[in-house]
Amino acid sequence: MQHHDPVGTRQGEIEAVSDALKSRLTTAENVLATLAVDLDNELRFSSGLVALTDHRLLARDAAGAWREWPLSEPGIALHLIDHAGIGTLELQGAQGQLARWHYTLEQQASALRLLKLFGQRMAVAVAVEPNAGAAAIAELADADELPEAVEAQAPPSTWVLLRLGRFAKPYRKQLITGFLLTLASTAATLVPPYLTIPLMDDILIPFQNGQQIAIAKVVLFLGALLLSALAGWALGWARTYLLALVSERIGADLRTTTYEHLLTLPLDYFGGKRTGDLMSRIGSETDRINVFLSLHALDFVTDVLMIAMTAVILFSINPLLALVTLVPLPFIAWMIHVVRDRLRTGFEKIDRVWSEVTNVLADTIPGIRVVKAFAQEKREADRFHAANAYNLQVNDKLNKTWSLFTPSVSLLTEMGLLVVWGFGIWQVARGRITVGVLTAFIAYIGRFYTRLDSMSRIVSVTQKAAAGAKRIFDILDHVSNVPEPANPVKVQRITGRIEMKDVGFRYGSRAVIRNLDLVIEPGEMIGLVGHSGSGKSTLVNLICRFYDVTDGAILVDGTDIRRFAVTDYRRHVGLVLQEPFLFFGTIAQNIAYGKPDATREEVVAAARAAHAHDFILRLAHGYDSLVGERGQGLSGGERQRISIARALLIDPRILILDEATSAVDTETEKEIQRALDNLVKGRTTIAIAHRLSTLRKADRLVVMDRGEVVEVGPHDALMERQGAYWRLYQAQLRQADEEASDGAVSERAAVQVALGTHAAHPAGLQ
C-alpha cells in the first residue's frame with residue numbers, strides 16, 4: 001500500500017512551476033522575486049506563482065495558464081492587503097483591477113519582498129527619461145534608495161506578531177503550562193459571582209422573609225469564596241511569574257538574533273541606514289515587543305478566556321438575558337476594526353519619527369568636538385527641538401483617535417449594563433428569574449464588560465508591538481548580498497597570491513570598476529594610485545569581500561574568494577584604515593581585538609613592532625589604560641600605531657593599507673612608516689596613498705582611472721613613460737612647490753612685520 005506524501009508532492013509542484021517559469025524567460029531576463037500563491041480565489045489551497053522580472057510581471061494559476069504584464073504599462077500598480085491571516089496582492093492598471101492573488105501568512109515575507117522590488121522597478125521607470133534605453137533602466141534599478149517609500153506601501157499588520165512564534169518554540173512547555181494556569185486562574189475568579197445566587201436566594205432573601213439563617217450553609221459558601229480567592233491569587237501569581245520569565249527570554253532571543261543578523265549584512269546596507277534608526281529598532285522596538293509579550297499578551301489571553309467562560313455561564317443561567325448582554329458587542333467590534341487600521345499606520349509613523357530623534361543624538365554625540373569647534377550648539381539644539389516637536393505633533397494626531405475610542409467603548413458597556421438592569425428587573429417582576437440570578441448576572445456582566453473594555457484598550461498596545469515587529473523583521477528579512485557559500489572551501493594557510501580576472505563592479509547606478517585584470521604575487525607590495533573616485537578604495541573593498549564583484553572573479557591562491565566562508569577568509573586579511581577606529585576599552589583589548597585569546601607577551605610584541613610600546617608605557621596604566629570612545633585621549637598617530645599593532649597581531653597574509661599615513665604630520669608619518677615597514681614584511685600588501693612619495697618602496701604601482709587600470713610598473717619605469725603616473729607625480733610636485741613658496745612668503749612677511757614693529761618701538765629692545 002502506497003502512502004501519500006504531501007511534502008514531497010508540494011516540493012514537486014514547486015519544482016515544476018520553477019521549471020515552467022525558466023522556460024518562459026528571455027535570454028537577458030532575470031527573475032527578481034517570486035511569490036508562491038497557495039490559495040485560489042475561493043480561498044481553497046492551490047498552487048500558483050507570481051514572478052517579477054526586470055521587464056515584466058508574470059503569473060501562473062493552478063491550471064498552468066500564464067499571464068503577463070509589462071512594467072512599462074501605464075498606471076500599473078501593486079497593492080498588498082492582509083486580513084485575518086490571509087494576504088491579498090492586487091494588480092491595478094489604468095482601467096481598474098488587472099489581477100488578484102491570495103496567499104497564506106507563510107508567504108508574507110516573499111510578498112513583501114516582491115512588493116518592495118516592484119516599487120523600486122516602477123520608481124526606476126519614472127526616474128528614467130522616456131527615450132532611455134533598457135541598459136539605463138537596468139543600471140538605475142540597482143540603486144536601493146527608496147526603502148522608506150517602499151515600506152510605506154505595506155503598513156504593519158497585526159498578523160506579523162505571529163512570526164514571533166519561531167522565537168517561542170524553545171519555550172513550548174512553559175507556554176503550555178502558562179496557558180493551563182491562565183485557564184485555571186480564570187475559572188477560579190468566576191466562582192464568587194456564581195455563589196451569590198445561593199447566598200441571595202437561599203440565605204438572605206429567606207432571612208428577610210422571617211426564616212432562620214443556616215449557619216452551616218453560610219460557612220460553606222463563605223469558605224468556598226475564600227478558597228476561590230486564594231486559588232485565584234496563587235494560580236495568577238504562578239502564571240504571571242512563569243510567562244514573564246518566558247517573555248523576557250523571547251525578547252532577549254529576538255534582540256540577540258536581530259543583532260547577530262545585522263552583523264552579517266553587507267556594508268551597503270549600513271550605508272543606506274541611520275545609526276540612530278538601527279539602535280532604536282534593536283533597543284526600543286524589542287523592549288516594546290517584550291513588554292507586549294510579558295504583560296499585554298497575557299492580559300489579552302486572560303480577557304478572551306474570561307469573556308468566553310463568562311458567556312458560557314451566562315447562557316447556562318438564562319439564555320434570553322445573556323443575549324441582551326451581548327447587544328453592545330457588534331458596535332464595539334466595529335469600532336475596534338475601524339480604529340485598528342488607523343492605529344497601526346499611525347504607530348509605524350511614530351516609530352519612524354522617533355528614529356529621527358535618535359538619529360540627531362547619534363549624529364551629534366559622536367561629533368560633539370566638531371559641534372563645539374564650529375559653535376553650532378544652538379543649531380543642533382534647534383534640530384533636536386524640531387525633530388522632537390514633529391514627534392509630538394504625530395503623537396497628538398494619533399491621540400485624538402485613541403482618546404475618542406476609549407470613552408466610546410466605556411459608554412457602550414455602560415449602556416449595555418443599563419439595558420441588562422432594565423430587562424432583568426422586568427424579568428424579576430414577571431417571576432421568570434430570581435433576585436439572586438439577577439445579582440449574579442450583574443456581577444458576571446461587570447466582569448464581562450470590564451474585560452471587553454480591557455481588550456479594546458489592548459488594541460493600541462498590539463498595534464505598537466506590530467509596528468515594532470515589522471521594523472525588526474525588516475532587518476531579519478534582509479538577505480546579505482555577500483552570501484556564504486553552500487559548501488565552503490576550507491581556508492588553510494594561504495600564500496597571498498591574488499588574481500583579478502575581468503573584474504567589474506557597480507555601486508548603485510554607477511559602474512565603478514570595469515574589465516580589471518591584475519595579478520599580485522605572494523609577498524609583493526602594490527601601490528594603488530589615481531585621482532579621487534578612480535576606484536582604488538572600491539577595489540580593496542572587493543578584495544576584503546565587503547562587496548562581491550558583479551562581473552568576473554577575484555582569486556586567492558587560485559580559489560574564487562566567494563567559495564571561502566566569509567569569516568575564515570577575512571581572518572587572513574589585515575586592514576589599516578586612514579581613520580583608525582578604536583573601541584571603548586583598554587589599549588591591550590584594542591590591540592587584541594582580532595585575536596581575543598592573545599597573551600600579554602603577544603600584545604606587547606605587536607606593539608613593539610608597531611613602534612607603539614614606548615608611548616603606551618608613558619600612559620598612566622600602560623596597556624591597561626582605558627581608551628575613550630573612538631580613541632578619545634590619543635593622538636591620531638598613536639591611534640594609527642595601535643591600529644597597526646592590531647593588524648600585526650593576527651599575522652595576516654594579505655595586508656590592506658588605506659591612506660594609513662595621510663592624516664598625520666611629517667614626524668608622526670616617519671614613525672608610522674617605520675611601523676609599516678615591519679608590518680609589510682613577507683606579506684602581500686596593497687597600499688593606497690595620495691602622497692605618491694610614500695609608495696616609493698612598492699614593487700609595482702597600479703595607476704587607476706575611472707575604474708580601469710591604465711598603467712602598471714615600478715616608479716622609475718612609469719616616470720620614463722611620462723604617462724598617467726608621470727602627470728600625477730608632476731602635479732603633486734607643483735602643488736608641493738606652491739605650498740612651499742606660499743609658506744616662505746608668509747614667513748618673510750611675518751619677519752618683516754616683526755622687524756618693523758621693533759623698529760617703531762626701539763625702547764622695547766632695551
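The exchange below goes through helix α19, the nonpolar cores and a cavity of this predicted model.

Colleague: What makes V603, V604, A606 and A607 of helix α19 a single face of the helix?

Modeller: These four are the buried residues of α19, which spans residues 600-609, and buried here stands for under 20% relative accessible area. Seen down the axis of α19, they fall within an arc of 160°, so they line one face of the helix. The face turned away from this buried side carries E601 and R608, which are exposed, and exposed means over 50%.

Colleague: Which helices do the buried residues of α19 pack against?

Modeller: They pack against α18 (587-591), α20 (613-617) and α21 (636-649). The helix α21 also gives the most to the largest nonpolar core, with 6 residues.

Colleague: How do you know which residues touch the most other members of that core?

Modeller: Core members are joined through side-chain atoms within 4.5 Å, and of the 46 residues in the largest core, I591, Y623, I644, L679 and Y725 touch the most other members. Leaving aside neighbours within four places in sequence, I644 is in contact with V576, A610, I672, A675, L676 and L679. A second, separate core holds 32 residues, including V512, L528, Y547 and I561.

Colleague: Why is the second largest cavity called a cavity?

Modeller: The name applies because a 1.4 Å probe fits there but cannot get out. Its volume is about 40 Å³, and the model has 2 cavities of 30 Å³ or more. Among the residues lining the second largest cavity are L542, Y547, D548 and R562, and by class its lining has 6 nonpolar, no polar and 3 charged residues.

Conventions. Residues numbered from 1 in each chain as written. Predicted model: local features only at pLDDT ≥ 70, side-chain atom pairs only at ≥ 80, totals over all residues. Heavy atoms only, no water. 1 Å grid on protein atoms, 1.4 Å probe; cavity = no way out; pocket = protein on both sides within 12 Å on 5 of 7 lines; lining within 4 Å. Points joined across faces, edges and corners; volume = space filled by probe spheres on them. Nonpolar A, V, L, I, M, F, W, Y, C, P; charged D, E, K, R; others polar. Buried < 20%, exposed > 50% of the residue type's maximum accessible area, 1.4 Å probe, protein only. Helix = DSSP H or I, 4+ residues; strand = E, 2+ residues; numbered from the N terminus. Arc of directions from axis to C-beta. Contact = heavy atoms within 4.5 Å.
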